[in-house]
Amino acid sequence: MKLGVRSRVTAEDVIDGLTTAVIALDEGLRVSTINSAAEGLFEVSRRLALGAPLAEAVPHFAPHEARLRRALDTSTGFIEREAKLTRNGSAAVTVDLTTTPFVVGRKPGLLMEMLPVERQLRISRDGLFQTQFDASRELIRGLAHEIKNPLGGIRGAAQLLEHEFPDSQHREYTRVIIREVDRLQNLVNRMLGPNRAPQKTLLNIHELLEHVRRLVQAEAPAGVAVLRDYDPSIPELAVDREQIIQAVLNILRNALQAVGTQGTITLRTRTRRQLTIGPTRHKLAVQIDIEDSGPGVPPDMIEKIFYPMVTTRAEGTGLGLPLSQYLVHSHGGLIECRSRPGCTVFSIYLPIETA
Ligand SMILES: Nc1ncnc2c1ncn2[C@@H]1O[C@H](COP(=O)(O)OP(=O)(O)OP(=O)(O)O)[C@@H](O)[C@H]1O
Ligand SMILES: [Mg+2]
């Protein structure tokens, strides 16, 4: 098939398709290019921004003008990690900012690339989340043990009663006791979580994801598509296959519940370099995104969803995400979430050990 001129992808299309926010400035610090990601991040319109001075077009940069001017005049770029950009004192947008001088024709310009740093990731990075998460997990496990102990006794007694009174009227009651005890037993087992350390084997992450995708596809209603977008260059990594399947499955099932009968779920893989998780900086990590087109996590819930027993579903137990987070933590990894209506992304980061 011949590609017509109109269907050819231009450099502008590519820049516009990037998830990194990009703004280019001319020699007068006026906006010469701004992509969709930057429009979304700073909530500005391209139509108004193009040609306008940066501080006016994107007020977040007003306090940084002098510094950008210097970078332009001296042709020296800079990188700032976790730069906090605020607009008239409103909530900060935190980004990793890379500024690079360039020359178009004879005129100098400045290219700014901004990668948003997710709040959830920052919380996890400073260790506070980990401490609270460990504490709540201990609490839940302690509680589960206390509940679990008498359950065996209750079940045994109900069975004895059934033998003593074999008539059908009493049997009805003992059946209720046994059924409810079994339900509680299932719940406390989930509350206790896995009781073994990961048994790692070297495997291809895409083979594992395809396995999970097939499982979920079978459960999905006809109007729900489970798509994939894999980076084939990801090397094999050492993980506990069963545990990571469980971790991904919990998130995928939530996505399935979120989209209902109509929507899309995308499984995406990427490599990440120099990623800091907790106290450790990893040279290489894999990022597995599970994205869904559902209504999103309610804003007042987003900080809490990784804690146990937090649920908005009538039949939910609120144990899926904390279990996933625990399993990924025990692989030295981390799960973060960002969500808005129509686009919820859970990202699983797993370090890849390099020799
Ligand atoms: N993809 C998603 N879209 C919207 N909300 C979500 C999504 N994933 C999770 N949530 C929210 O997070 C809550 C907690 O999820 P979690 O998996 O821990 O528990 P649950 O699904 O409610 O119950 P369980 O998984 O134990 O059956 C959910 O009740 C829901 O409110
Ligand atoms: Mg769930």
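This tour moves through a predicted model, starting with the whole chain and ending at individual contacts with its ligand.

Begin by colouring the protein chain by its assigned domains, which are domain 1 (11–116), domain 2 (120–192) and domain 3 (201–351). If you then place a marker at the centre of domain 1 and another at the centre of domain 2, taken over C-alpha atoms, the two are separated by 54 Å.

Next, select ligand 1, which occupies the space of the second largest pocket, and display the 21 residues that surround it, the closest being Asn254, Asp292, Thr311, Thr312 and Thr317. Colouring this shell by residue character will show nine nonpolar, nine polar and three charged residues. To see which elements of secondary structure contribute, highlight helix 10 (241–259), helix 11 (320–329) and strand 12 (343–351), each of which supplies at least two residues of the shell.

Now zoom in on the oxygen atoms of ligand 1, and look for their polar partners in turn. In the side chain of Asn254, a polar atom lies 2.8 Å from a ligand oxygen, while in the side chain of Thr311 an N or O atom is 2.5 Å from an oxygen atom of the ligand. At Gly318, select the backbone instead, where an N or O atom lies 3.1 Å from an oxygen of ligand 1. Finally, switch to a surface view: ligand 1 taken alone exposes 590 Å², and the protein buries 91% of that area.

Note on methods:
Residues are numbered from 1 along each chain as its sequence is written. Chains are lettered from A and ligands numbered from 1 in the order in which they are written. This is a predicted model: local features need pLDDT of at least 70, side-chain atom pairs count only at pLDDT 80 or more; totals for chains, interfaces and linings use all residues. Side-chain values use heavy atoms; hydrogens and water are left out. A residue is near a molecule or strand if one of its heavy atoms lies within 4 Å of it. A polar contact is a pair of N or O atoms within 3.5 Å; within protein, one must be able to donate a hydrogen and the other to accept it, and residues adjacent in sequence count only if both atoms are side-chain atoms. Accessible areas come from the Shrake-Rupley method with a 1.4 Å probe; for residues, only the protein chains shown count as cover. On a 1 Å grid over the protein atoms alone, a cavity is a set of points where a 1.4 Å probe fits but cannot get out, and a pocket is an open set with protein on both sides within 12 Å along at least five of seven lines; lining residues have an atom within 4 Å of a point. A molecule sits in a cavity or pocket if more than half of its atoms lie within 2 Å of its grid points. Helices (H or I, at least four residues) and strands (E, at least two) are DSSP runs, numbered from the N terminus. Ala, Val, Leu, Ile, Met, Phe, Trp, Tyr, Cys and Pro count as nonpolar, Asp, Glu, Lys and Arg as charged, and the others, Gly among them, as polar. Domain bounds come from an automatic or database domain assignment.
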